[in-house]
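Here are my notes for you to read beside the model. Take the points in order and keep the viewer open.

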Amino acid sequence: MHHVTSRGLNQTLASEFFLLGFSDHPQLQSTFFALFLLIYLMALLGNLLIISIIVSIAHLHTPMYFFLGNLATLDICCTSSIIPKMLETLMSETKSISYSSCLTQLFFISAFLGTELLILALMAFDRYVAICNPLRYTNIVSMEFCFTTVIAILVSSLVVSFVHTILITRLSFYGRIELDHFFCEIPPVLKVSSSDTNINDMVIFAADVFYGMFCFLLIVLSYIYILSSVLKIPSAANKRKAFATCSSHLMVVTLFYGGIIYTYVRPALNVTGEKDKVASVVYAVVSPVMNPIIYSLRNKEVKGALAKMMTLKIWSSKM
């Protein structure tokens, strides 16, 4: 720690933060550890299974499943940047995380979440083109378009997250800094700063408008056109088939966006509360576990591919 003088008083510049996440329930530390370890293993196995199915089954090498594979990869990255440190904190008496580790975690979480928001919007656009412009689908949503767009999304999210992180390094944190959270995330970190965070707040607002409003409007508009097109389909069976290709995506979007809006929009409105921690856990921990379950249960092609893989493994083990 470094000693600095501010307004004539000696203050200690913090070199570590203390994560208070579960400190209100010390008797449940072991239970929480087991629960989050199970969630982490389920998230890893579920998303790795989705990726392996998409990679190994040739007829799933399409834009829709390319985006789903990217979503599964992001879920693995997001949980891996949060839960291992959370497990370490649960077993630690000090509950501390170094300043540099906190900023590193904050940087990657922000980048992964931004990328996931844009990927979900891109998946909605993909469904819009597939249902509303099926004859032009292969020309509009080509694999070249998919690769280029995903790379652009990742780069832009890394740049935005880097800007957030650099702006936070300009802030001062004095004394014993306690984060009333499970991990290092932008809103709770800004809340404990001793500096003026107006610039940070403005940049966050701009990012919220882009990531939140733009992506949300793209998803809503896509589904308005999709609904309009589906209602014009004369066959009830074809209507159900069209809705089935969208239902999984809608469930994932609802789960993910609910937590994001609660965590990032409410602080911008100066409304905070204990429920913020729960909302963060929903989109950062629960959502990555639920996504592969939703897609495997609601998607016939994924279920069929999974059954095919299991059958091949059973036959190979007998031979």
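Which residues have the most contacts inside the largest nonpolar core? Point 2 has the reply.

1. A word on the ground rules. This is a predicted model, where local features need pLDDT of at least 70, side-chain atom pairs count only at pLDDT 80 or more, and totals for chains, interfaces and linings use all residues. Residues are numbered from 1 along each chain as its sequence is written, and side-chain values use heavy atoms, leaving out hydrogens and water.

2. The largest nonpolar core has 67 residues, and Phe36, Phe67, Ile82, Ile83, Met86, Leu120 and Val285 have the most contacts inside it. A nonpolar core here is a set of buried Ala, Val, Leu, Ile, Met, Phe, Trp, Tyr and Cys residues joined through side-chain atoms within 4.5 Å; buried means under 20% relative accessible area, exposed over 50%, and partly exposed in between, with a 1.4 Å probe and protein chains only. Helix 2 (63–91) gives the largest share of this core, 15 residues. Helices and strands are DSSP runs (H or I, at least four residues; E, at least two), numbered from the N terminus.

3. Try clicking on Val285. Among the residues that Val285 touches are Phe36, Ile82, Ile83 and Met86, leaving aside residues up to four places away in sequence. Contact means heavy atoms within 4.5 Å.

4. Now the sheet. Its 3 strands form an open sheet in the order 4-3-5, with mixed pairing (two strands pair if DSSP finds at least two bridges between them). Strand 4 (96–98) and strand 5 (177–179) are at the edges with a single partner strand each, so one side of each has no neighbour in the sheet. Strand 3 (residues 16–19) pairs with strand 4 in the antiparallel sense over 3 bridges, and Phe18 has Ser96 as its bridge partner in strand 4.

5. Phe18 has another companion: Arg176 lies over its face, at 3.8 Å from the ring centre. The rule is NZ of Lys or CZ of Arg within 6 Å of the ring centre and within 35 degrees of the ring normal.

6. Last, the rings. The structure holds 10 aromatic pairs, meaning rings of Phe, Tyr and Trp (its six-membered ring) with centres within 6.5 Å; planes under 30 degrees apart count as stacked, over 60 as edge-to-face and the rest as tilted. Phe125 and Tyr128 make a tilted pair, 6.1 Å centre to centre with 40° between the planes. Both lie in helix 3, 3 residues apart, about one turn of the helix. Ring pairs link Phe125, Tyr128, Phe145 and Tyr225 into a cluster.
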